[in-house]
Amino acid sequence: MPGGLIVRAPNHLGDLVLALPALEAAGGADVMVVRSLAPLLDLAGLGGRILPLDRGARGFLAAARRLRRGRYERGVLLPPSFSSALLFAAGGVAERRGTTTDGRAALLTDRVDPAELAGCHRSVAYFRLVTGRLPAQPLVPRLPVPEPFLARWRELAGAASRPVIGIFPGSKASSRRWDLTRHAELARRLVARGARVVVFGGPEERELTAAVAGDWAFDAGGRTDLGLLAAGLAACDVLVTNDSGPMHLAAAVGTPTVSLWGAGDPNVTGPLGEGHRILRHPELPCVPCVKNECPRRGRGYVLAEAERECLRLIQVADVEAVLEARGTLRGSP
């Protein structure tokens, strides 16, 4: 409702999924989100209006005008950026709450010290920003997938006998990407053991997904919008994935994940809910570095090469063993 609360949602898929409990707790507030992620909030059915935001100067000015027309009394900024605070100030949002990050303290009226949120899982940090309190129970994002999307997925991928194992080999950060050759080897081994393997990826990842899928797996790279991706993930028995946005989307639609971790910190951005398994090597002194590119060179602590050693220590057999333990696989390796 104009004059009430507006929340500026995160800009990345995984963060937006982790923000869903906070957005639900906002009680029907309007939500401003980058246009490419708006369909996810349509699926969530939050109750308030969704205000798509276009990038660039023209999108900024259009969004500021829309905010002014809304005459919002309060705003909460989940992205930590200067530009998000500047937009709410330019849009006349009277009270602006957010962390004092990126030099934006002067643009806020309700300043939150980032140290107050240090060590919190990101979902909890978002919840505290929106509500001002800690959640009374563990937060688990839930995203229902409507039947029309499931039907579209069946049309695309066809019916499949169980088990169906998804693989997401992408990530925008190189420090979070398991070797492509290992994803491909895993796909081959899983198909040989009777699984149907589906490889997921965005339009810019088609070469990557094709390399993993080969002639043995179903390549869904670049063939799904957000709703169809959610449906495809929901159709899987398990998703093997890098630390990524689709990992969180899979968790939200109820699909357990086996996630491969290098630079990231699962205590802050790990998948939420039951049935998830995390593979990582926290015994390395550099883990988690939370950097997008591995800065290490030369000899590693264990391996001959230090770069992305944390990920390269994870073997294909390690993933297979986890899938065996949870009963997903049948047949001999």
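**Cores, an aromatic cluster and helix packing in a predicted model**

Of the 58 residues that make up the largest nonpolar core, those touching the most other members are V7, L23, L78, L143, W153, F200 and L249. The largest share of this core comes from α1, which supplies 8 residues. A second core, separate from that one, has 24 residues, including V197, L279, I314 and V316. The model described here is a predicted one. As general background, nonpolar side chains in soluble globular proteins tend to be buried together.

Two of the names listed for the largest core, W153 and F200, also appear in the aromatic pairing. The structure holds 2 aromatic pairs. In one of them, the ring centres of W153 and F200 are 5.7 Å apart and the planes meet at 25 degrees, so the pair counts as stacked, the cut-off being under 30 degrees. Because W153 belongs to helix α6 (residues 147-157) and F200 to the loop between β8 (196-199) and α8 (206-213), this pair ties together parts that lie 47 residues apart in sequence. Both W153 and F200 are buried.

W153 also forms an aromatic pair with F218, and this one is edge-to-face, with 6.2 Å from centre to centre and 85 degrees between the planes. Here the partner of W153 in helix α6 is found in strand β9 (residues 218-219), so the pair ties together parts 65 residues apart in sequence. W153 and F218 are both buried. Taken together, W153, F200 and F218 form one aromatic cluster. The wider surroundings of W153 are worth a look too: leaving aside neighbours within four places in sequence, W153 is in contact with G158, V198, F200, F218, A220, T224, L228, A231, G232 and A235.

Strand β9, which carries F218, leads on to the sheet. An open sheet of 6 strands is arranged in the order β9-β8-β7-β10-β11-β12, and its pairing is parallel. Its edge strands, β9 and β12 (277-279), each pair on one side only. Further in, strand β7 (residues 164-168) and strand β10 (residues 238-242) run parallel and are joined by 4 bridges. The bridge partner of I165 in β10 is V238.

Attention now turns to helix α5 and its surroundings. Helix α5 (residues 122-131) is mostly covered, with 7 of its 10 residues buried. These buried residues are S123, V124, A125, Y126, F127, L129 and V130. What covers them includes β1 (5-8), α1 (13-25), β4 (74-77), β5 (95-99) and β6 (110-112). After α5 comes G132, whose phi is positive, near 80 degrees.

Among the elements covering α5, helix α1 can be described further. The axes of α1 and α5 come within 8 Å and cross at roughly 35 degrees, and the crossing in which α1 passes α5 is right-handed. On the α1 side, the residues that meet α5 are D15, L18, A19, P21, A22 and A25, while on the α5 side they are R122, S123, Y126, F127, V130 and T131. As for spacing of this kind, an α-helix has 3.6 residues a turn, so residues three or four places apart point the same way.

Finally, G4 is placed in the segment before β1. Apart from neighbours within four places in sequence, G4 is in contact with Y72, E73 and R74. G4 and A231, by contrast, are 227 residues apart in sequence and 33 Å apart in space, C-alpha to C-alpha.

Notes. Residues numbered from 1 in each chain as written. Predicted model: local features only at pLDDT ≥ 70, side-chain atom pairs only at ≥ 80, totals over all residues. Heavy atoms only, no water. Phe/Tyr/Trp six-rings, centres within 6.5 Å; stacked < 30°, edge-to-face > 60°. Helix = DSSP H or I, 4+ residues; strand = E, 2+ residues; numbered from the N terminus. Buried < 20%, exposed > 50% of the residue type's maximum accessible area, 1.4 Å probe, protein only. Pairing = 2+ DSSP bridges. Contact = heavy atoms within 4.5 Å. Core = buried A, V, L, I, M, F, W, Y, C linked by side-chain atoms within 4.5 Å. Axes fitted to C-alpha atoms, helices over the stretch in contact; angles between N-to-C directions. Left-handed = near helix turned anticlockwise from the far one by under 90°.
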